[in-house]
Structures are given as structure tokens and as C-alpha cells.
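Reader: Got a structure I'd like to go through with you. Can we take it piece by piece?

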Amino acid sequence: TDTLLAELKAKGVRLAEVTLHVGAGTFQPVRTENIAEHKMHSEWYDVPPETVVVVEAAKAEGAKVWAVGTTSMRARETGRLKAGRGDTDIFITPGYRFRVADRLITNFHLPKSTLLMLVSAFSGIEEIRAVYRYAVAKEYRFFSYGDAMVLGRKDDAESL
């Protein structure tokens, strides 16, 4: 909300925007046994030059960079945060090495989704399994209008 964004800015949080026009393919389950055979649909993205400046400054200061949503994560990771726009079919799976975000705020994703694979790549497969077991036991709501979680990047020792 505008109120929440104003409160964050008042606390010194710097905001930077990216755009990814999400297509239906993002929500399609992976139907191949070998995930490397899954083809992501192409989606349009825009990373403005101002966003690159803000993120690079934060990294230089040692501040944590947060992504709000898997779509902003995918847009930022396309080209490793270079300013630009175009189409991306980036498919982030376990083993991917993240370069931009240190934290991720996202909802709980459905089984066999590319988004579940992205969060597993970000925080670790076993860590995500534990988080999801807890969420199921506590009856959290899943999918786009469900509950949210804050995740740390697995290769960031301070995240876990």
C-alpha cells in the first residue's frame, strides 16, 4: 500500500522498481521428469537504469537487497541486473547462483510450479520443504492471494 511504502521510506528503505509482464506460463506446472526439458514462456521485462544505481549502491554499502515477489526476482536476475528491457525466459532452478537479491518476500507456491523451484533455488530445497511442512501444518493459504514468507539466500550465511 502507499502507506506501507511511505513508512518504509521514512525508515530509510530505498525502493527501486522493475517490471515483468507475467504470462500464464509462469503458473503452469512442470510436466517433464527432467526439469531441464521444461521450457519457460517468454515474458517482457524492464529494469530501469535508476534501479541498477540504487541496487549497486546498496551492495557497495553492504546493505541487503530485497526482492518483493518472484517476478521482480526473475527480472533482476535477467542479465544479472543490467538496465534494459526485452523478453526473458529465465528458468531459475536449484543450482542457480543468485547475484542480486539477498532476501525475498513471496507467497507460498503450488507444487510442481516453476515458482516453487525458484524459491528452492534461493533458500535451499530442504529449507523450503521444512517451511512448507510448517505452513501446511498451520493451514497457511497458498497461491497468489495467500500468506507470504520472507526468505534468505542460502549462500548468505547471515540469511539462515
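Reader: At what angle do helix 4 and helix 5 pack?

Author: About 120°, with the axes 7 Å apart. Helix 4 covers residues 114-123 and helix 5 covers residues 125-137. Keep in mind that this is a predicted model.

Reader: Which residues make that contact?

Author: Helix 4 brings Leu116, Val119, Ser120 and Ser123. From helix 5 come Ile125, Glu127, Ile128 and Tyr132. By class, that contact has five nonpolar residues, two polar and one charged.

Reader: On to confidence. What is the mean pLDDT of the protein?

Author: The mean is 90, and 96% of the residues reach 70 or more.

Reader: And where is confidence lowest and highest?

Author: Lowest in helix 1, at a mean of 89. Highest in helix 5, at 96.

Reader: Pockets next. How much space lies in the largest pocket?

Author: About 960 Å³. Its lining has 30 residues, and the closest to the centre are Leu15, Ala16, Trp66, Val68 and Arg76.

Reader: Which elements give two or more residues to that lining?

Author: Helix 1 (2-10), helix 2 (49-61) and helix 3 (70-77), plus strand 3 (66-68) and strand 5 (103-107).

Reader: How does the lining split by class?

Author: It has 16 nonpolar residues, nine polar and five charged.

Reader: Now the sheet. What is the strand order?

Author: The order is 1-2-4, in an open sheet of three strands with antiparallel pairing. Strand 1 (19-20) and strand 4 (84-88) are the edges, each pairing on one side only.

Reader: How many bridges join strand 1 to strand 2?

Author: Two, and those strands run antiparallel. Strand 2 spans residues 43-47. Thr19 stands opposite Asp46 of strand 2.

Key: Residues are numbered from 1 along each chain as its sequence is written. This is a predicted model: local features need pLDDT of at least 70, side-chain atom pairs count only at pLDDT 80 or more; totals for chains, interfaces and linings use all residues. Side-chain values use heavy atoms; hydrogens and water are left out. Axes are lines fitted to C-alpha atoms, for helices over the stretch in contact, and angles run from 0 to 180 degrees between N-to-C directions. Helices (H or I, at least four residues) and strands (E, at least two) are DSSP runs, numbered from the N terminus. Contact means heavy atoms within 4.5 Å. Ala, Val, Leu, Ile, Met, Phe, Trp, Tyr, Cys and Pro count as nonpolar, Asp, Glu, Lys and Arg as charged, and the others, Gly among them, as polar. On a 1 Å grid over the protein atoms alone, a cavity is a set of points where a 1.4 Å probe fits but cannot get out, and a pocket is an open set with protein on both sides within 12 Å along at least five of seven lines; lining residues have an atom within 4 Å of a point. Grid points are joined across faces, edges and corners, and a volume is the space filled by probe spheres set on the points. pLDDT is the predictor's confidence in each residue, from 0 to 100. Two strands pair if DSSP finds at least two bridges between them.
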